[in-house]
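Visitor: Hey, got a minute to walk me through this one? I'd like the overall layout before we poke at single residues.

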Amino acid sequence: MSNCILEENLNEIIRRSIQRDISDDDIISLYEDAIERLNNYLGYNKFGLREGEIAILRLGGRKETRFEGFNFVLEGGETPYADPHNEDVKRYALQEKYILNLADKDSELRKEFDKKLEDLEKDAKDEESIKLIENIKRVVGEHDKENDIYTYIDVEENGLDFIIKELGFKGMLYWEYGDISRPSTYLIFDLSIVREIPKYYTLCKIR
């Protein structure tokens, strides 16, 4: 049995054309359909995605890390942490609308974050929580002033992951080691916004 749906499709076209079981116009139509399928399959960042989704990768299972959530990296991103050609790397579709990007000060999620953080500060009673919130506000304020990016160091050292999860957000975006022009790492707190999808090369392995 063929390990490639496109190969099966093309073989069927060839078989029928040899047997004269199909008109020339139909042959052309079927070939065009096959080429369109191929383009869709090899449209690396689009294959398997629905509207509003982006492709992300994760090495290994869904075991929680020392962060508050699960790390995924952008498919086609610059960080080398998840090689898409590694057989142990899995590919997922992410509903990007749920991801908080703190650097985007004008986004609705960022405005929601600011409001929820203020409310959390008003309700905080113990000294540890108050200090943590004050530190988060200081870090965010400094980044806003400099129009700065958020890195994995900000997440690790300042408790951003804990606070953002505590405020009910499903995930956050930050810059990872190796990123140059855009952030690539998605820290996901709610796995319901991701679903596993096949890698493009699993549909048609090259012999």
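Visitor: So how many helices and strands are there in the protein?
Guide: The protein has 6 helices and 7 strands. Keep in mind that this is a predicted model.

Visitor: And what pattern does the protein follow along the sequence?
Guide: Reading along the sequence, you get α-α-β-β-β-β-α-α-α-α-β-β-β.

Visitor: What share of the residues is buried?
Guide: Buried residues account for 36% of the 207 in the protein. As for the surface, about 12600 Å² is exposed, and carbon and sulfur atoms supply 49% of that.

Visitor: What about contacts between residues far apart in sequence?
Guide: Take the contacts with a separation of 6 or more: 66% of them come from residues 24 or more positions apart.

Visitor: OK, helices now. At what angle do α3 and α4 pack?
Guide: Helix α3, residues 108-123, packs on helix α4, residues 127-146, at about 150°, and their axes are 11 Å apart. With the cut-off for roughly antiparallel set at over 145 degrees, the pair is therefore roughly antiparallel.

Visitor: Left-handed or right-handed crossing?
Guide: Left-handed, as α3 passes α4. On the α3 side, the contact is made by R110, F113, L117, E118, L120 and E121. From α4 come I133, E134, I136, K137, V140 and D144.

Visitor: F113 caught my eye. Is that residue buried or exposed?
Guide: F113 is buried, with 0% relative accessibility.

Visitor: Which residues is F113 in contact with, then?
Guide: Leaving out neighbours within four places in sequence, F113 contacts I136 and V140, along with L100, L102, I163, I164, L167 and F169. There's also a C-alpha separation of 9.3 Å between F113 and G168, which sit 55 residues apart along the chain.

Visitor: And L109, where does that one lie?
Guide: L109 is in helix α3 too. Its relative accessible area is 21%, so L109 counts as partly exposed; the buried class stops at under 20%.

Visitor: What does L109 touch?
Guide: Not counting residues up to four places away, L109 touches K97, Y98, I99, L100 and F169. For Y98, 11 residues apart from L109 along the chain, the C-alpha atoms are 8.0 Å apart.

Visitor: Switching to polar stuff. Which side chain has a polar contact with R91?
Guide: That's E75, with a polar contact of 2.6 Å between the two side chains. R91 is in strand β3, residues 89-95.

Visitor: Why does R91 count as buried?
Guide: Because its relative accessible area is 1%, and buried means under 20%.

Visitor: And what joins N71 and Y174?
Guide: A polar contact of 3.2 Å between their side chains. N71 is found in strand β2, residues 70-74, and is buried at 18% relative accessible area.

Visitor: Who else is N71 in contact with?
Guide: Besides Y174, N71 contacts R58, T185, Y186 and L187, leaving aside neighbours within four places in sequence.

Visitor: Last one: which residue has a positive phi although it is not a glycine?
Guide: N147, with a phi of about 50°. N147 is in the loop between α4 and α5, the latter spanning 152-158.

Visitor: Is N147 buried or exposed?
Guide: Exposed, at 59% relative accessibility.

How values were computed
Residues numbered from 1 in each chain as written. Predicted model: local features only at pLDDT ≥ 70, side-chain atom pairs only at ≥ 80, totals over all residues. Heavy atoms only, no water. Helix = DSSP H or I, 4+ residues; strand = E, 2+ residues; numbered from the N terminus. Buried < 20%, exposed > 50% of the residue type's maximum accessible area, 1.4 Å probe, protein only. Contact = heavy atoms within 4.5 Å. Areas by Shrake-Rupley, 256 points an atom, 1.4 Å probe, with all protein chains shown as cover. Polar contact = N/O pair within 3.5 Å; in protein donor to acceptor, adjacent residues only side chain to side chain. Axes fitted to C-alpha atoms, helices over the stretch in contact; angles between N-to-C directions. Parallel < 35°, antiparallel > 145°, perpendicular 65-115°, else oblique. Left-handed = near helix turned anticlockwise from the far one by under 90°.
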